[in-house]
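Let's take a walk through this model together, strand by strand and helix by helix. Please have the sequence and the 3D view at hand.

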Amino acid sequence: MTAIGWHDDRVSSNELRPTYPVKTERLLLRPLTTADAAALLAYRSRPDVCRYVPFHPMTLEVIAERLRTHWATTTLTDEGQHLTLGIEEAGTGRLVGDVILFWHSRLHRGGEIGYMINPEFSGRGYATEAAQAMLKLGFEDLGLHRIIGRIDERNEPSARVLRRLGMRQEARLVHNELFKGEWSTEVDFAMLADEWFARYPDSPRSV
Ligand SMILES: CC(C)(COP(=O)(O)OP(=O)(O)OC[C@H]1O[C@@H](n2cnc3c(N)ncnc32)[C@H](O)[C@@H]1OP(=O)(O)O)[C@@H](O)C(=O)NCCC(=O)NCCS
C-alpha cells in the first residue's frame, strides 16, 4: 500500500493504491471480476437487500456493465472517485459481499463507506470486518481526515455495523429524501482520523 506525503497542510496529494488482496482476519478484499457476476447477482438482485441502498435490484446486464465501468477501479487517484471491493471468505474463496470507499473531497480529506452482504453470510461480522479494513485504507493510506456512513434510520443492522466500527451518530435528518417512493429519515455517522488512531494507537499515520 502506498502513502504519499502532503504538498502542504491543506490539500492532500495522496493516492490510494492498495496491494491486493487486502487481508483481514477472515477475509480477502479484492477487485471484482467477471467471474463474480453470478455471486453478485445472488444478492444484488434481491429487493430486500436493496431496500435501503440508492439503487434498484440489479439484473445480470447491469452487473456486467458495472464490472466494466465503476467496479473496474482499483486505485483512488482523485476526489470524486470510489473504490468497490469484493469481500471474499479467505477459507472458501466464496464472494460474500462487497464494500465501498468514496473519496469525496481532497481539500477536506473526506470520505464515506458503504457495504452489502449476501444474507446467506450475514450475522458473522463480515460487513464490520470488511468496513473496518476500508476505514484503515481511508485513514492510514489515503490520509483522510473524516469518514462518514449514511443510512436510513430503519436500517438497524447497518447502524449496528457503524457503531461496532466506533463511528459516532452525528445527525438525524427527518424525511430529507424521497427514497424509493417514501420519505427516508437519514442518520449520519462519522469518525475522525484522531478517533481512528486513538482506537488503534499502533497504526501508522501517513500525516
Ligand atoms: C447492513 C448489513 C451489511 C449488515 O449485515 P450483518 O450481517 O448484520 O453485519 P455483519 O456482517 O457485520 O455481522 C454482524 C452481526 O454478526 C454477529 N456476529 C456473529 N459472529 C461474529 C463474529 N465472529 N464477529 C463479529 N460479529 C459476529 C454480530 O453480533 C452481529 O449481529 P447483531 O448486529 O445482531 O448484533 C446487511 O444487513 C446488508 O447487507 N444489508 C443490505 C445492504 C445495506 O443496507 N447496506 C448498508 C447500506 S447503508
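## A walk across the sheet

In this predicted model, a good place to begin is Asp98, which stands opposite Met116 in strand 5. That pair belongs to a longer partnership: strand 4 and strand 5 pair in the antiparallel sense over eight bridges. Follow the chain from one to the other and you will find a hairpin, with four residues between the two strands. In that turn, Arg109 has a positive phi of about 55°.

Now look to the other neighbour of strand 5. Strand 6 runs parallel to strand 5, and three bridges join them. One pairing to look for is Gly111, whose bridge partner in strand 6 is Ile147. How many residues of strand 5 are buried? Seven of the eight are, so the strand is largely enclosed by the rest of the structure.

Stepping back, we can see the whole sheet. It is open, has eight strands and mixed pairing, and follows the order 1-2-3-4-5-6-8-7. Its edges are strand 1 (22–23) and strand 7 (168–179), each of which pairs on one side only. Strand 7 finds its partner in strand 8 (residues 182–192), and these two are antiparallel, with eight bridges between them. Within that pairing, Gln169 is matched with Phe189 of strand 8.

Next come the helices that pack on this sheet. Helix 4 touches strand 1, strand 2 (27–30), strand 3 (82–89), strand 4 (95–105), strand 5, strand 6 (146–152) and strand 8. The direction of helix 4 makes about 30° with that of strand 4. Helix 5 also packs on the sheet, where it touches strand 5, strand 6 and strand 8. Its direction makes about 160° with that of strand 6.

With these elements in mind, turn to the ligand. Which residues are closest to the ligand? They are Ser122, Gly125, Ala127, Thr128 and Ser158, out of 20 residues that surround it. The elements that give two or more residues to this shell are strand 5 (110–117), helix 4 (126–141) and helix 5 (156–164). By class, the shell has eleven nonpolar, seven polar and two charged residues.

Finally, a word on annotation. An unreviewed UniProt entry lists residues 27–194 as "domain: N-acetyltransferase". In the model, that span is 29% helix and 36% strand, and its end C-alpha atoms lie 26 Å apart.

Definitions and conventions. Residues are numbered from 1 along each chain as its sequence is written. This is a predicted model: local features need pLDDT of at least 70, side-chain atom pairs count only at pLDDT 80 or more; totals for chains, interfaces and linings use all residues. A residue is near a molecule or strand if its C-beta atom, placed from the backbone, lies within 6 Å of it. Ala, Val, Leu, Ile, Met, Phe, Trp, Tyr, Cys and Pro count as nonpolar, Asp, Glu, Lys and Arg as charged, and the others, Gly among them, as polar. UniProt positions are given in the numbering used here, feature names are shortened, and annotations may be inferred rather than shown by experiment. Two strands pair if DSSP finds at least two bridges between them. Two residues are in contact if their C-beta atoms, placed from the backbone, lie within 7 Å. Axes are lines fitted to C-alpha atoms, for helices over the stretch in contact, and angles run from 0 to 180 degrees between N-to-C directions. A residue is buried if 20 or more other C-beta atoms lie within 10 Å of its own, exposed if 12 or fewer, and partly exposed in between; C-beta atoms are placed from the backbone.
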